[in-house]
Amino acid sequence: MADLVTIRHLSKKFGAHVTALEDVTLDIAANAFVSIVGPSGCGKSTLLRLISGLIPATSGQITVAGETVRGPIRQSSMVFQSPVLLPWRTVLENVFFVAELGHKKPSTLRGRALELLEMAGLGGFEDHYPHQLSGGMQQRASICRALLMNPPLILMDEPFGALDVLTREILGFKLQEMWGANRNTVLFITHSISEAILLSDTVVVMTPRPGKISEIIPIDLPRPRTIDTLSEPRFIELAARIRSHIGTQWEG
Amino acid sequence: MMKSTLRITMTVAILLAAWQYLVPYADIPAYILPLPSEIWARFLETFSLQAYNLAVTAGTTLLGLCIGVLVGVLLALLVVYVKSAKSIILPFLATFNGIPKIAIAPLLVIWFGLGPDSKIILAFLLSLFPIFVHSLTGLNEIDDDILDLARLAGGSNWQMFTKVRLMHALPYITDALKVAFPLALVGSIVGEFIGGNVGIGYLVLSGQFNMDIALVFAALLSITIFTSVGISAIGLFERLFLKWQPSRRER
């Protein structure tokens with residue numbers, strides 16, 4: 001499989017003294033689901049913003065689909081920790097938002113948008129306003145927004161971080177299902193070790209201060225993964241291996 | 001909603017009844033405090049006078065308010081989009097806000113005459129600041145994530161303005177109107193107090209001059225009707241066009 005994203009000796013400093021990332025080298029295969037786990041302050045989000053071109057690197061190189069990243073890249077779309085839906089737009093209009101900015105006519109995308117919403121379990125909610133939905137539903141709508149234009153790369157910055165554990169688990173399986181339908185390349189940032197293992201082809205473990213990659217672990221568990229996967233010996237083994245990289249005071 | 005309307009109506013009715021039937025026992029003469037029935041009679045008697053003067057005051061108030069909205073929003077836009085304008089406009093407006101506009105009303109009358117111009121300008125000056133501050137907040141306080149999303153999608157500044165900033169600012173501007181509208185009215189009336197021979201402010205003054213206190217109250221009734229209609233119109237606009245707001249009371 002070809003690599004969609006290549007990162008070479010990437011470093012990012014904020015000011016003179018804060019090194020957020022140091023010498024990160026990583027390849028992300030096309031159509032892969034890659035998670036980055038690590039404690040707060042390990043530069044996970046910084047890495048994501050560097051790849052998207054929203055902030056410039058201090059040194060090193062990133063390419064996406066063969067092109068060097070020099071500014072915000074159109075091939076990607078983002079999902080944030082909060083759904084950031086526009087409150088004056090209905091769910092459907094929100095799903096169109098990113099496409100509209102790229103000058104795509106919503107009318108041509110209506111079918112796909114409704115399909116995505118249906119898949120996300122939001123069928124029938126397309127004309128609701130965000131405030132009429134629960135946090136989990138809002139986040140699903142924001143995932144639909146990211147998927148609408150079918151970008152090669154989807155960057156997710158702790159998308160389930162603000163949700164309760166139960167909703168989070170359900171949404172994880174939902175995301176697996178939605179990803180399976182299209183297989184866009186996903187870079188997924190999370191604090192949760194189990195979430196990372198359940199969703200990913202590869203888990204990248206990072207350690208903080210300065211942010212570095214400590215291990216890249218391929219996840220060989222068969223898909224689709226279910227709630228039962230959590231109790232498989234291989235899952236437990238992988239979880240223990242990831243946890244061993246991260247300090248004992250930290251919970252996944 | 002219905003329940004609260006009923007409660008307010010009941011309260012007002014009880015207060016008016018108390019005023020009507022208890023005040024006579026206190027032996028207060030009509031030239032100090034007329035009874036509601038006397039005020040109402042005077043209001044009906046002078047109805048065409050009230051309507052004419054109110055129309056004049058409403059005209060200067062609304063015109064001043066409209067200019068206030070135009071200039072206030074325009075200044076806010078300059079602050080948001082023109083970096084060099086920000087450092088000039090912000091301190092200037094902050095200082096300007098420190099001057100009680102009412103205090104410069106006599107000056108305005110000298111400069112712009114006894115006609116409607118001085119009233120319009122005073123109404124404009126009083127409404128400007130709240131509109132500027134609220135629209136600036138509304139235009140500026142956009143979630144960083146939304147801005148990032150737009151940058152990734154290749155959205156232009158113009159798109160961000162029409163699709164995000166303006167829409168975000170709308171409820172802030174209607175909130176500002178609820179403050180600025182009564183302020184603009186204060187501007188008009190004070191302008192009429194200081195110079196001129198027409199308008200509700202003038203009517204109040206002439207009532208006072210002639211010790212016609214019922215007329216003063218009748219003029220106040222006209223003003224109250226006007227502000228109620230104005231505030232209701234803003235509320236109606238919000239209900240029709242800003243229905244996506246979860247609750248107008250939350251903010």
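Visitor: How many residues does each chain bring to the contact between chain A and chain B?

Guide: In this predicted model, chain B contributes 17 residues and chain A contributes 19 residues to the contact. As a general idea, the size of an interface is often given as the accessible area lost when the parts come together.

Visitor: Which helices of chain B supply at least two residues each to the side that touches chain A?

Guide: Those helices are α7 (144-153) and α8 (157-194) of chain B, and α7(B) gives the most to that side, with eight residues. Sorted by class, the side of chain B that touches chain A holds nine nonpolar, three polar and five charged residues.

Visitor: Into which domains is chain A divided?

Guide: Chain A is divided into domain 1, which covers 1-75 + 152-224, and domain 2, which covers 85-150. The C-alpha centres of these two domains of chain A lie 24 Å apart, and 13 residues of domain 1 are in contact with eleven residues of domain 2. On the side of domain 1 of chain A that touches domain 2 of chain A, helix α5 (residues 165-182) of chain A gives the most, with seven residues; by class, that side has nine nonpolar, three polar and one charged residues.

Visitor: Where should one look for the largest nonpolar core, and which residues have the most contacts inside it?

Guide: The general idea is that in soluble globular proteins, nonpolar side chains tend to be buried together. Here the largest nonpolar core has 80 residues, and those with the most contacts inside it are Ile51(A), Val95(A), Cys144(A) and Leu187(A). Helix α2 (residues 91-101) of chain A gives the most to this core, with eight residues, and the core draws at least three residues from each of domain 1 and domain 2 of chain A. Setting aside residues up to four places away in sequence, Ile51(A) touches Val5(A), Ile62(A), Val64(A), Val69(A), Leu155(A) and Leu187(A). Apart from this core lies another, of 47 residues, including Ile120(B), Leu122(B), Ala184(B) and Ile194(B).

Visitor: Why is Leu109(A) classed as partly exposed?

Guide: Leu109(A) is partly exposed because 18 other C-beta atoms lie within 10 Å, whereas a buried residue would need 20 or more and an exposed one 12 or fewer. Leu109(A) is found in helix α3 (residues 106-119) of chain A, and, leaving aside neighbours within four places in sequence, Leu109(A) is in contact with Phe96(A), Ala99(A), Lys104(A) and Leu148(A). The C-alpha atoms of Leu109(A) and Arg225(A), which are 116 residues apart along the chain, are separated by 31 Å.

Notes
Residues numbered from 1 in each chain as written. Chains lettered and ligands numbered in written order. Predicted model: local features only at pLDDT ≥ 70, side-chain atom pairs only at ≥ 80, totals over all residues. Contact = placed C-beta atoms within 7 Å. Helix = DSSP H or I, 4+ residues; strand = E, 2+ residues; numbered from the N terminus. Nonpolar A, V, L, I, M, F, W, Y, C, P; charged D, E, K, R; others polar. Domains from an automatic or database assignment. Core = buried A, V, L, I, M, F, W, Y, C linked by C-beta atoms within 7 Å.
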